[in-house]
Amino acid sequence: MGAEEAWILAAVPAITFLVLAATGRYLPRQGDFIGILAAGAIFVLFFVVLADFLDLGEAAWPIVNNIAWTEIGEFELRMGILVDPITIVMLAVITTVAFMVNVFSVGYMKGEPRYWWYFAMLQLFVASMLLLVVADNLLLLYISWELVGLSSFVLIGHYWERRSAVEAAKKAFITTRVGDVGLLIGIILLWEATGTFNILEIIEAVEAGAVGEVRLFVTMMFIFLGAMGKSAQVPFHVWLPDAMEGPTPVSALIHAATMVVAGVYLVARLLPVFEVAEGALLVVTFVGLITALFSGVVAFAQTDIKKVLAYSTISQLGFMFVALGTGLVGVGMFHLFTHAFFKALLFLGAGSVIIGSHHHQEMGQLGGLWRKMPITAMTFLIGSLALAGLFPLAGFWSKDEILHAVDSHRGAWAYVLISVAAIMTAFYTTRLFIRTFLGQPQDAEIHSHTRETGPIMTLPLVFLAILSIIAGLVVFNGVGDAIGFPGGFPEFVFLHEPERFHVDWGLVGFSSALFVIGTFGAAWIYWRGRLDRATAAARWQPQLSEMVQRKFYFDDLYQFAIDRGVLGLSYLVSWFDRFAVNDTGVDGSANMTRYAGFVLKHVQTGRVPNYAMAIAVGVVALTLITLAVRN
Amino acid sequence: MVPLENYLVLSGIIFSLGVYGVLARRNAVLVLMSIELMLNAVSLNFVAFAAYLDPDLITGVIVAIFVIAVAAAEVGLALAIVIRLFRNRSTANVDEAATLRW
């Protein structure tokens, strides 16, 4: 098996899904070992693909392998796979995180309802995401895009006995669906303009100028709408914090490797087209900046561990879009790559805390877990520092690259704003860590019951922690070569010109300064779990604090729009349906017929002469009419 | 040779008499007889046209024979109905047969 058969990576979990869905509940251990075996298999198979990909050499990239799927008139639809450095990065992220999540889930989901179904859906989720990143045409990409949406819907709503979980699943599905419609329209528009779904052919055609300027811009905005929905960019971000209702390992999978990065991947994949569309990249940067800042602020006020991480993810996705908006695909993908590891680590760490403390995830009830859960705390600290951007952990390098890209490709305004967002990242991450693991236990009862979790959960944490430390080093030529990104990340993933990575010590200093400001700011306020400074700040600006706590009223606004707009319109429509369609149309015509029958039945006298008379009169009348018409 | 118009006028008169009989008479037997008149008028038409258009062809005459045969069958059936009516109602007045309705 080589890179040309990369579709096998998607086929393995897909088949596992079918097996588990059909037989999982009757198998010993409800078949969880099959899930882990499959995840482990694709983790290993990825390296086979990677080795073959590197063997084939740069001249053979991108590797394309497709078959004729169907023919409609003149149009031939080909389905297949496309493997290039972007795909390889995505495959690395997905297979690694999926494997870790599968292992972790054995510990986390122990004794939970529908254990087998959970593992089955996990496989489908991974399969659809893998299919999405190897798809060589937009139609296949869209199909797997929707499959990802479906499996996330099922997994978020795994505890469907709980109303909030059902609501969250529905919200995630419907919110992303709004964007998906945009994506579908965009794909159709691109097809209409270029006559193909094939991504490479579309890029070629657009670069040759097949699509008019305005039209291309509109098309790309539609496609970006889909990316915004999936990647939870403002104003479509509302579904993601609610998606925390799902089991925590699922959150790790959604936030790190699948689902939300699909939007980033889509933009990265079509970046050449975005470049041609004048102004589209500026929109991408804008949306990313707004999202990064907005969710950074909201994360300050969250008290649920998972919610803080959720807003952090939204913010980091904003960073990725800012990076892509500069036109440097390598920078965006690099942040996606490093972020996947430490965000998966943080979410699995949160899951470990939840299990260790017997299902408590409010920071107000935790605190002081450092001594009780040393491994979780240690790995969580590494993840937090990587996210906050401590030199030389993974997050530092990618954030550095983003700062550099923004500095050289966008104005000073963007540079200032993204720096502020970076400070926020360090701030809320430090706050999260201090309030959860340091200081005095907030609730002695909970604290006394808290235990470190078993090795099945801590081992993935340790593994991901190691990756969080070293993953960023792939920017360097030597490290990249060794791991499989020849020339280092920036020379592996690029659009036009490979760019050799240089350490810019000035930028390192600046970036570290941002880290220090954010971290020490948060530490000064929250050290030893004290809250008086935070409450004082809230009292100083009550309106602002209220606004942040209510997440800038986005949910309220949408609720209002649904209550007044959608429900109002639905009321009108239902009124129309009830009175105009049903009462007047359906019942009305039936009643009319009945009444007409009641009146007209008297015509039927039953007397033969009357009928004879009617026939005679009819014949005469018809004759006269015929004559009249003839002449 | 008698001109065609004469036959047609005669046929028309007989047909109208038949129609009048069907509509005006109350006795079922008389109604039947009026129907026979109408049938005969039609037969007359056929024969007249056949002779006028091509004397060698006998198609019209054959149709007339068919009409007579059908009329005989019809009368057989109708008279049976009239007898049933008379047995049940003790009258042959068609106005009495008024149950053919809702």
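User: How many residues does each chain bring to the contact?
Analyst: Chain A gives 10 residues and chain B gives 11 residues. Two residues are in contact if their C-beta atoms, placed from the backbone, lie within 7 Å.

User: What classes are on the chain A side?
Analyst: The side of chain A that touches chain B has five nonpolar, three polar and two charged residues. Ala, Val, Leu, Ile, Met, Phe, Trp, Tyr, Cys and Pro count as nonpolar, Asp, Glu, Lys and Arg as charged, and the others, Gly among them, as polar.

User: Where does the model come from, and how is it numbered?
Analyst: This is a predicted model: local features need pLDDT of at least 70, side-chain atom pairs count only at pLDDT 80 or more, and totals for chains, interfaces and linings use all residues. Residues are numbered from 1 along each chain as its sequence is written, while chains are lettered from A and ligands numbered from 1 in the order in which they are written.

User: New topic. How many helices and strands does chain B have?
Analyst: Chain B has three helices and zero strands. Helices (H or I, at least four residues) and strands (E, at least two) are DSSP runs, numbered from the N terminus.

User: And what pattern does chain B follow along the sequence?
Analyst: The pattern of chain B is α-α-α.

User: What about the box around chain B?
Analyst: Taken along the principal axes, the C-alpha atoms of chain B fill a box of roughly 50 × 25 × 25 Å.

User: How much of chain B is buried?
Analyst: Buried residues are 14% of the 102 residues in chain B. A residue is buried if 20 or more other C-beta atoms, placed from the backbone, lie within 10 Å of its own.

How values were computed. A residue is buried if 20 or more other C-beta atoms lie within 10 Å of its own, exposed if 12 or fewer, and partly exposed in between; C-beta atoms are placed from the backbone.
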